[in-house]
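Here are a few short exercises to work through with the model open in your viewer. Try each task before you read its solution.

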Amino acid sequence: MNGRTKVILIGVVVAAMVGIAAVLTGIGDTSNAHPSAHSMTLEAAKQEARQNAAAIVATLPVAPQLDPPDGTDSGGACSQGLQDQVTGQYDSSLNFRLRGVPADRNQDVFAAVRAFAGQHGFKPFGSSSGFESFKDNNGFTISVETSFDPSHTLTLGSSTPCVWPNGTQPRG
Amino acid sequence: MARPTDWRVLGLDSDPIPQDPDNLYIWAKSYHDYADQVARALSGTNGLLNDPALTGWLGASGQAFKDACLPFPGMLNTAEDAYRGVGDAWDDFSKQIRTLQPQFDSCLNQATTLLQKMKADGGLSDEDALACATSDNDAVMYDRMHAKHMENSSTLGPAGFENALDALSAYRAGFDPLRRQVVDLCGQYTGAKVKCENALNDAADLASKIVKSAGATGTNSMNFDDRFSSRGGNLADLVLSPDAALGLEDSMFPTQGTDPSEISWWWTSLSQPERDKLILEHADLVGALDGIPCLDRDKANRAVLDATRSSVNARIAYLLAHIPPTDGRDYPNPEFDSWNKELDDLRAKQAGLNSVYDRLNNHPDQPPAFLLGLDTAALGHAIVAINNPDTANNVVTYVPGTGSKLGNIAGDISRSDAMVGAAGSGPGFVTSSITWVGYDAPQNIAKDSPFIHYATDAELKLYDFETGLRMTHQGPASLNSIIGHSYGSTTVGFAMRDMGLPVDRVIFVGSPGVGVEHAADLHIDPAHVYIGAADNDPVANLPLAENLTQLPSNALNALGWATGLSDYNVHGPFGQLPYNPEFGAHTFKVAPGALWPPGAAHSQYWVPRSDSLRNIGAIITGNQPS
């Protein structure tokens with residue numbers, strides 16, 4: 001295949017799969033965006049994620065120590081679309097290591113998180129060995145997972161959807 | 001005053017203490033003078049080594065010079081001790097001699113007086129008198145006296161003979177205490193002599209230490225040039241004054257294309273003050289070098305970031321204050337267009353610089369971030385690490401694809417944060433994720449992404465960066481992975497295919513192809529090649545040719561892409577699509593992704609709590625994905 005053919009091919013591919021309109025308008029992914037993103041600030045969303053985590057911890061069969069108490073945030077700027085453009089929205093993704101949970105109670109913790117999800121409108125979002133996550137209709141997610149480090153400590157996760165930092169899309 | 005020379009009367013063949021104390025004193029003074037001179041040399045050497053002209057002499061020769069000089073103060077200090085020790089020994093010995101000699105001489109004088117009396121009173125010859133004086137008993141004396149006076153003619157009568165014998169016997173008894181005193185004095189003399197010899201031996205030992213400290217064993221042990229050369233110094237540099245050598249620093253920088261291992265060696269060879277000076281004065285050069293440790297590189301690039309933000313902000317302010325006139329002008333207006341283009345470009349870079357600054361400085365609730373590269377050439381580049389890769393157990397480099405640039409880096413940095421979060425952390429278990437926007441990526445998926453030169457141009461940069469990570473890592477080797485997204489996977493694949501990257505695992509997500517037909521062609525065990533492809537990601541599921549050829553030809557004509565399909569084969573544009581089983585890699589679980597708007601699923605591999613992100617976390621920590 002010569003270089004000219006490659007160029008032609010990619011153009012065709014883009015046109016066929018993406019659609020000219022999408023490319024030109026830059027319409028992107030909204031699956032992780034908050035349905036009412038125009039009204040929730042990042043801090044408010046983060047507070048809700050913290051509350052979700054605290055509510056889950058309150059239902060656990062063993063009382064763990066949260067490490068760190070306020071969680072480690074791995075969130076940041078959101079991007080979307082085929083060209084990965086930053087949107088101006090941000091999310092927050094809090095992780096809490098659950099200290100003090102005996103290994104033989106891990107399955108009880110998984111079951112408790114699963115029960116909490118079912119009772120609070122979170123639907124299954126992801127699952128694999130040592131990992132379960134759930135997502136609600138507003139785009140908040142929760143998870144429980146076995147850590148990859150040799151300690152295999154459980155980690156509780158609670159994330160926000162992508163929201164505008166001040167609650168509304170900046171003008172201009 | 002001349003000393004006596006005939007010591008036979010005391011039973012000695014020669015002067016038992018022949019040294020001249022005045023000469024010994026002169027020797028002592030000479031060595032003390034040497035010691036004083038060495039002390040002055042030591043002071044001067046210390047002053048020289050701390051002189052700014054020498055401390056500021058940078059580079060390999062400067063360091064070699066200082067290293068070669070390093071033994072000097074210790075050597076001189078030891079030499080001073082040795083010289084002073086010899087001087088002290090001779091001085092002490094001289095004093096002992098000066099004290100003992102008169103006592104020896106006094107004994108000899110007293111013995112000589114007795115001998116003269118024996119000679120006179122006994123009427124004996126010198127030889128007979130000496131024999132009588134040194135005999136062990138009176139028998140010798142009687143025989144000599146009898147032979148002299150009784151066997152030959154003599155004025156002494158028998159009574160006189162007996163009286164003379166009694167006198168001589170008394171004189172002879174007078175020698176005994178003198179001889180005992182001489183024995184005692186000889187003991188003192190021997191003690192002083194041994195003490196002096198010991199001191200001289202100690203000094204000799206010190207001298208031996210000087211030789212050893214010079215790193216040699218022969219008479220050329222003090223050869224400075226040899227030691228200077230052995231420490232990497234260039235002898236030609238010795239003809240320059242240290243001040244002149246200061247001008248060498250610019251040429252010290254590794255030339256373009258220098259292997260990161262050589263850069264790492266060079267950096268290690270510098271002293272910390274030299275490194276600090278280079279970071280201070282050439283932050284842009286230091287910050288861009290692969291092979292320099294993360295902390296030093298971060299320090300340099302933070303300085304670059306501050307300076308760049310200032311200059312970009314200033315330029316934007318200038319442009320806003322100098323808007324080209326538009327009223328009354330015919331369109332197009334090239335001047336305004338140029339002004340507007342520059343302003344847009346600067347504002348994009350300003351946004352990127354601000355997001356980098358924000359991540360570096362304003363997030364104490366997140367793992368620390370380090371700036372490993374920054375420049376504003378073309379669309380701008382930046383390399384940002386979450387956690388220190390030099391000390392982490394796991395290191396992953398994320399290479400973004402179409403659309404990546406300095407102005408758009410915030411979203412890419414957040415993906416590195418997401419991967420660190422997915423990897424988790426524990427005691428002694430840290431993962432570093434590096435956003436590598438170190439190349440000129442295509443910006444438009446339709447106009448730019450079909451071309452391969454963005455990938456080929458990045459190969460060496462990516463290779464050097466990954467090699468540099470290996471060179472600067474501390475402790476046991478880290479598990480190094482690389483993840484390419486979209487066109488970034490193509491970039492990674494081309495580099496692996498053509499150069500081989502020093503990584504343990506590779507992940508391709510949303511990949512249009514990585515330049516090879518099979519994972520085995522990437523210079524890595526295919527078992528360590530992982531693919532994430534969302535069902536609804538159009539890029540990872542580029543249609544096969546047979547489908548493309550069914551597209552209406554008028555639609556292709558409308559797009560201007562209507563020719564050249566005849567030789568198209570079943571592969572993607574950059575080789576076999578990685579998600580195809582024929583590619584021979586592991587495909588891990590990824591959610592299908594959103595169907596609308598088109599392309600949404602292409603950017604969802606890092607969605608929090610997703611199967612995809614969990615699996616990426618597993619791979620980069622050495623675990624198996626689901």
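Helices (H or I, at least four residues) and strands (E, at least two) are DSSP runs, numbered from the N terminus. This is a predicted model, where local features need pLDDT of at least 70 and side-chain atom pairs count only at pLDDT 80 or more, while totals for chains, interfaces and linings use all residues. Residues are numbered from 1 along each chain as its sequence is written, and chains are lettered from A and ligands numbered from 1 in the order in which they are written.

**Exercise 1.** Take stock of chain A: how many helices and strands does it have?

*Solution.* Start with the count: chain A has 4 helices and 8 strands. Next, walk along the sequence, and you get α-α-α-β-β-β-β-α-β-β-β-β. Then check burial (buried means 20 or more other C-beta atoms within 10 Å, exposed 12 or fewer, partly exposed in between, with C-beta atoms placed from the backbone). Of the 172 residues in chain A, 48% are buried.

**Exercise 2.** Is A:Phe148 buried or exposed, and which residues of chain B does it touch?

*Solution.* First locate it: A:Phe148 sits in the loop between β7 (141-146) and β8 (154-159) of chain A. Now count neighbours: A:Phe148 is buried because 25 other C-beta atoms lie within 10 Å. For contacts, use C-beta atoms, placed from the backbone, within 7 Å. Leaving out residues up to four places away in sequence, A:Phe148 touches B:Ala423, B:Gly424, B:Gly617, B:Ala618, B:Thr621 and B:Asn623.

**Exercise 3.** Lay out the open sheet of chain B: what is the strand order, and which strands are at the edges?

*Solution.* Pairing here needs at least two DSSP bridges between two strands. On that basis, 8 strands of chain B line up as β1-β2-β4-β3-β5-β6-β7-β8, with mixed pairing. The edges are β1 (369-375) and β8 (586-587) of chain B, each paired on one side only.

Zoom in on β1(B): 6 of its 7 residues are buried, so the strand is largely enclosed by the rest of the structure. It runs antiparallel to β2(B), with 6 bridges joining the two; B:Leu371 has B:Val384 as its bridge partner. These two strands form a hairpin with 5 residues between them, and B:Ala378 in the turn has a positive phi of about 55°.

Move on one strand: β2 (residues 381-386) and β4 (residues 431-437) of chain B are antiparallel and share 5 bridges. Across that pair, B:Ala382 stands opposite B:Val437.

Notes:
Contact = placed C-beta atoms within 7 Å.
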